[in-house]
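Work through the exercises below with the structure open. Try each task before you read its solution.

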Amino acid sequence: MKKYVAEFERPIIELETQLEELKKTPSAHKADIAREITYLEKQIAKLKVKTYTNLTPWQKVQLARHPERPHFSDYLKGIFSEFTEIHGDRLHGDDKAIISGFAFLGSYKVIVVGTEKGKTTKEKVAHNFGMPHPEGYRKAARLFELAGRFNLPVINFIDTPGAYPGIEAEERGQASAISNNLKILSDLDVPILSTVIGEGGSGGALALGVADRIFMMENAYYSVIAPEGCATILWGDAKKAEKAAAELSLTADKLVKLKLIDGIISEPLGGAQHNKEEVFADLKSTLLKTLDDLTKINVDELKKRRYQRLMAAGVFSEKDNLDVTRGIKILRGDADENRSAN
Amino acid sequence: MKKYVAEFERPIIELETQLEELKKTPSAHKADIAREITYLEKQIAKLKVKTYTNLTPWQKVQLARHPERPHFSDYLKGIFSEFTEIHGDRLHGDDKAIISGFAFLGSYKVIVVGTEKGKTTKEKVAHNFGMPHPEGYRKAARLFELAGRFNLPVINFIDTPGAYPGIEAEERGQASAISNNLKILSDLDVPILSTVIGEGGSGGALALGVADRIFMMENAYYSVIAPEGCATILWGDAKKAEKAAAELSLTADKLVKLKLIDGIISEPLGGAQHNKEEVFADLKSTLLKTLDDLTKINVDELKKRRYQRLMAAGVFSEKDNLDVTRGIKILRGDADENRSAN
Amino acid sequence: MSISEWFKREDRSSIKSKDKRAVPEGIWSQCASCKSTIFQNELFATDFVCPNCSHHYQLSALQRIDLLIDKDTFNETAKDVSSKDPLKFEATKKYKESIDKAKRSTGLKEAIITGKGSLYGRPVAIGIMDFRFIGGSMGSVVGEKIVRLINMAIDESLPVVIVTASGGARMQEGIFSLMQMAKTTAAIDRLQKENLPYVCILTNPTTGGVMASFATLADIIIAEPKALIGFTGPKVIEQTIKQKVPKEFQSSEKMLEHGQIDMVVERKNLKSTIGQVLDFLSPAEVVYEKIRS
Amino acid sequence: MSISEWFKREDRSSIKSKDKRAVPEGIWSQCASCKSTIFQNELFATDFVCPNCSHHYQLSALQRIDLLIDKDTFNETAKDVSSKDPLKFEATKKYKESIDKAKRSTGLKEAIITGKGSLYGRPVAIGIMDFRFIGGSMGSVVGEKIVRLINMAIDESLPVVIVTASGGARMQEGIFSLMQMAKTTAAIDRLQKENLPYVCILTNPTTGGVMASFATLADIIIAEPKALIGFTGPKVIEQTIKQKVPKEFQSSEKMLEHGQIDMVVERKNLKSTIGQVLDFLSPAEVVYEKIRS
Ligand SMILES: [Zn+2]
Ligand SMILES: [Zn+2]
């Protein structure tokens with residue numbers, strides 16, 4: 001079965017394929033090629049380090065979308081225990097793009113919600129490739145409210161290209177479903193921890209992303225618009241996505257510098273799939289430590305800080321550096337000044 | 001155009017038709033028939049009194065369903081001013097079986113919600129004959145919550161055969177939509193006044209019927225099940241509806257005696273359609289007087305009384321008058337006693 | 001008395017019915033769903049679930065208590081509350097006679113038993129309906145007993161579990177029955193304002209006024225597989241829309257798909273699932289040791 | 001300066017656009033919708049609604065203030081808050097240049113004007129977006145000004161009216177723009193906890209992050225006729241589902257049908273409808289005398 005590779009990974013894969021071939025050499029000749037094998041292994045290691053330690057934003061986007069990358073369901077199994085799935089929004093349906101329920105995180109009882117993309121083709125279709133309809137956000141909303149009433153911290157996982165852009169989704173109030181979640185989360189009486197584990201696709205991601213602490217996997221991206229969409233709007237060419245990705249500052253390292261997220265979970269060279277257990281353990285301990293801290297804080301204080309963090313998100317100037325007097329003076333009714341300006 | 005008549009009204013209509021014919025007599029002959037006209041008028045008056053003062057439950061049901069009976073939209077125009085319609089449940093749709101919005105009732109600003117049946121065929125289809133889907137109840141719920149937040153008394157009008165028994169209605173949670181309304185109304189921080197103006201069809205009616213005061217028009221009915229449905233279940237014959245109606249105690253006079261409603265609004269002989277202005281004026285003054293009383297009560301006290309009224313609805317005995325000891329003693333584990341009873 | 005003797009007694013006392021949901025009689029019987037032959041003992045061992053096709057037979061309230069409540073921990077409350085005949089309702093027989101007959105057939109006072117018991121050691125307030133008692137219909141007594149159960153739960157800070165099996169509101173009590181929808185709902189609202197958990201188990205069938213009141217207000221709604229769940233019964237829907245309803249459209253599985261319930265759980269996992277859910281909804285420090293069945 | 005002179009000035013300063021929503025120039029023009037000929041004066045008298053087919057042309061923020069706020073009662077707040085370029089975003093031009101250009105073309109500082117004014121005598125806190133300023137897109141400044149508007153409303157117990165016209169979140173500010181969705185929503189939540197009324201007027205177009213945050217949280221949502229309203233734009237939907245979208249499926253009228261908005265109101269009735277709604281949502285004794293236009 002052909003293994004998926006991102007474009008920029010090809011050189012590595014080619015060398016690895018060569019190595020596999022070499023290793024299949026009959027044992028009679030093993031001594032001859034022993035040095036070749038060692039050499040090749042070193043080359044591969046060097047190439048990996050070179051490739052993966054200075055990933056461009058676009059390369060990270062490709063890794064974030066990598067089909068072998070662990071999905072929410074993997075994190076669920078790797079980090080939580082006794083997951084008890086809850087279905088339905090009590091209104092219209094059970095959206096499988098969002099999986100949610102109760103679970104234990106260490107000894108903490110929590111509500112866990114995440115977008116699931118699915119692995120096999122059948123699963124992907126069932127989970128709608130991780131793109132929720134309003135029903136999915138409304139299911140999440142219901143679980144957030146349950147969490148608030150029963151004092152269960154909320155642990156959210158984000159990995160979605162975005163809210164599903166379909167006709168029924170629009171008709172059933174996709175915008176409203178998202179805004180309602182933003183509102184519920186902003187006012188929730190329990191700690192909220194959100195982690196972007198792959199794709200953080202705009203509003204559809206933010207609907208699970210209003211939190212007391214936001215983490216990102218090292219290679220995840222979080223963007224107001226997909227690079228392709230951005231490229232189309234700016235240059236009329238979706239293929240300029242690489243350039244758009246660079247402009248958008250959508251990578252974890254950029255976002256933590258801008259103080260828009262709280263921390264980054266490291267990934268092994270090449271992406272989380274290369275050592276899932278380590279990644280799960282890392283994230284788990286980060287979440288646990290964070291819960292230890294946040295559950296000590298009084299809920300009113302917690303919410304006050306959450307509010308302040310939200311209010312601090314934004315960059316602007318109090319003074320206008322461009323003198324645009326006409327419009328404003330007209331507002332104030334300085335008719336004389338306008339006549340003279342004319 | 002043939003005027004609709006209920007079966008039991010035919011004798012009256014026949015006499016009225018005769019009278020119309022007589023009145024068309026050319027004036028040359030008027031003196032001759034003057035006495036006949038007077039006599040006929042007296043007969044009609046006597047027959048009306050006889051027919052309409054001792055209506056059976058089934059006859060009232062027929063009047064409650066009379067196509068010429070005023071509908072919610074008529075009461076809306078006749079009692080309220082500045083009605084501002086609000087649409088939609090912010091989830092799925094705008095159900096025209098329920099009309100809702102702001103209005104003035106006298107000088108009171110209120111939220112008014114009611115089931116509307118429609119008059120013309122086109123309207124009836126658009127309003128789904130007054131049978132709401134979940135969207136209708138959820139629109140009402142949204143307005144109830146608005147009322148609670150902005151301190152607007154809620155004035156509900158009930159005239160429905162019941163919640164719509166359709167496939168999509170079931171799929172979208174008809175039961176859940178109803179139970180949610182019952183819950184919201186039971187806890188609302190404003191006075192709620194509900195009036196059954198025609199058909200009070202079971203749970204679909206109760207979803208607008210949890211209130212501080214419940215009124216019924218004199219000829220309205222309010223039942224746990226439609227007489228036809230009851231007859232089908234009990235005797236396998238929907239045509240025995242008349243008998244079922246008598247058993248069900250669904251008329252206003254019965255319900256006020258059982259203390260399940262608070263008051264009856266009189267109707268002119270033959271039904272509200274015969275003097276709509278009087279009926280509207282009566283109901284309006286009843287609603288205003290009730291609001292005057294209820295708005296004086298502190299909201300916690302109001303809700304406490306609402307709760308107590310709900311808890312008092314029911315008839316049962318604290319003692320079992322039939323000695324059925326076997327089941328209970330087994331529960332308590334009296335094995336010996338069972339052996340001996342065997 | 002041995003358990004199998006109790007079973008036989010239960011069986012003799014149950015209403016003889018061709019209803020495929022009623023537990024079949026005799027040593028051997030044919031499954032109403034899959035037609036395969038089953039031993040009575042097999043059925044007993046599976047808590048009356050067909051070992052072949054998983055058809056879930058109806059349980060009586062007492063059998064349901066055995067299934068969900070730890071042995072010898074159940075204490076019944078409001079045990080003597082009984083129905084009256086406020087409307088003097090008479091169809092083929094008087095309402096009073098229907099009640100007396102139901103009492104004799106089932107050994108119960110009414111269509112619900114309420115009380116307190118332990119579920120894997122956790123104290124719970126529990127109410128279990130019984131379909132054999134006038135179709136599990138809700139009248140004044142069912143409503144009153146549910147309210148008293150909830151009041152007890154609030155007083156003692158207990159979670160509430162209600163198991164439903166009902167054709168809806170009880171016709172013979174007219175508007176009194178309808179009002180039980182509002183009455184039970186208002187009590188549920190008070191319970192939920194205390195943030196006490198409320199779990200509802202929908203069993204076959206759960207329809208009408210029960211579905212449209214306390215059943216659908218639970219924090220967590222669990223249904224047994226293939227239960228008939230809905231507001232209006234399929235026959236009435238067919239009469240209205242003048243077509244046949246889709247196969248199994250008001251089943252637990254379809255309701256799950258339509259987002260109306262939280263889980264579908266097989267009978268054998270019911271007790272442990274309820275225990276698990278209550279663990280999550282209880283204060284952080286309270287986790288009971290689970291005795292897996 | 002006379003009003004028609006102001007109009008002409010406004011017109012010269014507006015971005016020249018083939019967009020059929022932009023007010024046409026010149027004494028005579030052809031309606032973008034119905035193609036009939038209209039006088040400039042006619043258009044002015046109808047507040048830029050085609051007298052023939054009711055096509056609602058876009059209004060600038062200042063024109064909208066004239067429409068909704070009593071003459072000479074508007075006081076602008078947060079008037080100097082301006083955008084920066086936190087990501088150093090550069091496409092065909094630098095973000096900073098786009099901002100400066102937009103400022104010069106529109107005479108505005110940003111895509112929203114906020115302030116306090118009277119609506120039929122009732123004091124309101126009002127925010128009006130302007131589509132001409134980088135497509136009415138929401139960046140840090142729009143978010144901040146909305147929050148300040150809400151804070152003022154809470155301090156002074158004022159109702160809030162927001163008029164939207166937006167293509168969504170402003171790309172050039174990346175995640176900062178996305179965060180404005182959460183920021184404005186959190187402020188709306190505080191406003192609503194004070195039970196202060198919040199009415200939102202959706203004008204053509206209102207999409208993306210604005211729709212999916214503060215716009216859809218209003219107590220009452222009113223749209224002008226035939227506005228484009230939705231979350232995802234029609235082109236992106238078509239690319240995803242690989243079919244054409246139905247005609248006018250994201251119109252005000254369709255959104256009303258789908259239960260997503262409260263009312264569709266023609267421009268000429270907008271001020272009085274908002275006044276009426278605010279009358280109902282204000283404390284019982286406060287009813288302002290309405291000056292019907
Ligand atoms: Zn079977
Ligand atoms: Zn036109």
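**Exercise 1. Describe the polar and charged links between chain C and chain B, then the makeup of chain C's side.**

Step 1. Start with polar contacts. This is a predicted model, and 15 residue pairs, both partners at pLDDT 80 or more, are in polar contact across the interface of chain C and chain B.

Step 2. Find the elements involved. On chain C, the helices α1 (3-13), α3 (61-68), α4 (95-106), α5 (140-156), α6 (174-193) and α8 (234-241) each bring at least two residues to the side that touches chain B. The biggest giver is α6(C), with 17 residues.

Step 3. Sort by class. That side of chain C holds 33 nonpolar, 18 polar and 20 charged residues.

Step 4. Add the salt bridges. The rule finds 2 of them across the interface of chain C and chain B. One joins B:E318 and C:R148, at 2.4 Å from N to O.

**Exercise 2. State the extent of the interface of chain C and chain B, and find its strand pairing.**

Step 1. Count residues. Chain C uses 71 residues to contact 61 residues of chain B.

Step 2. Give the area. The two chains bury about 5,900 Å² between them, and 66% of that lies on carbon and sulfur atoms.

Step 3. Look for strands. Strand β9 (residues 316-317) of chain B pairs with strand β4 (residues 82-83) of chain C. The sense is antiparallel, over 2 bridges. In this pairing, B:F316 stands opposite C:S83.

Step 4. Place chain C as a whole. Chain C has 10 helices and 10 strands. Of its 293 residues, 65% count as buried.

**Exercise 3. Describe the interface of chain A and chain D in the same steps.**

Step 1. Count residues. Here 62 residues of chain A are in contact with 69 residues of chain D.

Step 2. Give the area. About 5,900 Å² is buried between chain A and chain D, with 67% from carbon and sulfur atoms. A:E170, A:V315 and A:F316 provide 11% of what chain A buries against chain D, more than any other three residues.

Step 3. List the polar and charged links. There are 16 residue pairs in polar contact across this interface, both partners at pLDDT 80 or more. On chain A, helix α8 (residues 174-186) gives the most to the side that touches chain D, with 9 residues. By class, that side of chain A has 33 nonpolar, 17 polar and 12 charged residues. The salt bridge count between chain A and chain D is 2. A:D187 forms a salt bridge with D:K193, with the closest N and O atoms 2.8 Å apart.

Step 4. Look for strands. Strand β9 (residues 316-317) of chain A runs antiparallel to strand β4 (residues 82-83) of chain D, joined by 2 bridges. A:F316 stands opposite D:S83.

**Exercise 4. Trace the seven-strand sheet of chain D and explain its edges.**

Step 1. Read the order. The open sheet runs β3-β5-β6-β7-β8-β9-β10, with mixed pairing.

Step 2. Find the edges. β3 (75-77) and β10 (263-264) each have a single partner strand, so one side of each lacks a neighbour in the sheet.

Step 3. Check one pair. Strand β8 (residues 198-206) and strand β9 (residues 220-223) of chain D are parallel, over 4 bridges. Within this pair, D:C200 stands opposite D:I221.

**Exercise 5. Compare the settings of three salt bridges: A:E21 with A:K24, B:R142 with D:D262, and D:D189 with D:K193.**

Step 1. Take A:E21 and A:K24. Their side chains meet at 3.4 Å, N to O. A:E21 is partly exposed, at 48% relative accessibility. A:K24 is exposed, because its 59% is over 50%.

Step 2. Take B:R142 and D:D262. The distance is 2.4 Å, N to O. The pair crosses between chains, from helix α6 (residues 134-149) of chain B to the loop between α9 (252-257) and β10 of chain D. B:R142 is buried, because its 13% is under 20%. D:D262 is buried too, at 0%.

Step 3. Take D:D189 and D:K193. The closest N and O atoms are 3.5 Å apart. The two residues are 4 apart in helix α6 (residues 174-193) of chain D, so about one helical turn separates them. D:D189 is buried, with a relative accessible area of 7%.

Step 4. Set these in the full count. The total over all chains is 80 salt bridges. In chain A, a network of salt bridges links A:R65, A:K117, A:D159, A:E199 and A:E228.

Note on methods
Residues are numbered from 1 along each chain as its sequence is written. Chains are lettered from A and ligands numbered from 1 in the order in which they are written. This is a predicted model: local features need pLDDT of at least 70, side-chain atom pairs count only at pLDDT 80 or more; totals for chains, interfaces and linings use all residues. Side-chain values use heavy atoms; hydrogens and water are left out. Contact means heavy atoms within 4.5 Å. Buried area is the accessible area (1.4 Å probe) that two parts lose on being put together, summed over both. A salt bridge is a side-chain nitrogen of Lys or Arg within 4 Å of a carboxyl oxygen of Asp or Glu. A polar contact is a pair of N or O atoms within 3.5 Å; within protein, one must be able to donate a hydrogen and the other to accept it, and residues adjacent in sequence count only if both atoms are side-chain atoms. Ala, Val, Leu, Ile, Met, Phe, Trp, Tyr, Cys and Pro count as nonpolar, Asp, Glu, Lys and Arg as charged, and the others, Gly among them, as polar. Two strands pair if DSSP finds at least two bridges between them. Buried means under 20% relative accessible area, exposed over 50%, partly exposed in between (1.4 Å probe, protein chains only).
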